[in-house]
Amino acid sequence: MSRRHNRQFVALAITAALLGGCSSDLNPMRAAYGTGEAGPQAKAPEFVAESRRKDDGFMPVGVSAPARPTRAKTAEGTKALEEELVAARGRNEARGRSAESAAQAGKAQ
């Protein structure tokens, strides 16, 4: 084969591979998993069916989400939580320093 024919063959093979990748009809596993197009719908295992919620419908477009059952924290509650977390961080850092000094003392012996 000449160089020109070889380039054309490679270009044709690449084009065919790219176009073949766009086709969804080439999936051989479609029939095995029962997507409904090539056979009966596959039944979900019992443990999967039991774990699913019964109200798995989608909310319609344009409808607001229902109100949350819990209320958001107030500014005072948020500030108190922040102070509590800062205090916990301080306690943890102090424990870490204590453990580090104990480890250093253990190495010195």
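**View 1. A nonpolar surface patch is formed by Phe-9, Val-10, Ile-14 and Leu-18.** In this predicted model, the patch covers about 410 Å² (accessible areas by the Shrake-Rupley method with a 1.4 Å probe; patch residues have over 30% relative accessible area and no salt bridge, with nonpolar side chains joined within 5 Å). Local features require pLDDT of at least 70, side-chain values use heavy atoms, and residues are numbered from 1 along each chain.

**View 2. Leu-18 lies in helix H1, residues 3-22.** The relative accessible area of Leu-18 is 59%, and this residue is therefore exposed (over 50%; buried means under 20%). Leu-18 also contributes to the nonpolar patch, alongside Phe-9, Val-10 and Ile-14.

**View 3. The protein contains four helices and zero strands.** The order along the sequence is α-α-α-α (helices are DSSP runs of H or I with at least four residues, strands runs of E with at least two). Of its 109 residues, 1% are buried. The exposed surface amounts to about 10,500 Å², of which carbon and sulfur atoms supply 58%.

**View 4. Helices H2 and H4 mark the extremes of mean pLDDT among the elements.** Helix H2 (residues 30-33) has the lowest value, 62, and helix H4 (residues 75-108) the highest, 94 (pLDDT is the predictor's confidence in each residue, from 0 to 100). Predicted coordinates should not be read in detail where pLDDT is low. For the protein, the mean is 80, with 74% of residues reaching 70 or more.

Terms used
Buried < 20%, exposed > 50% of the residue type's maximum accessible area, 1.4 Å probe, protein only. Patch = residues over 30% accessible without salt bridge, like charges linked within 9 Å, V, L, I, M, F, W, Y side chains within 5 Å. Salt bridge = Lys/Arg side-chain N within 4 Å of Asp/Glu carboxyl O.
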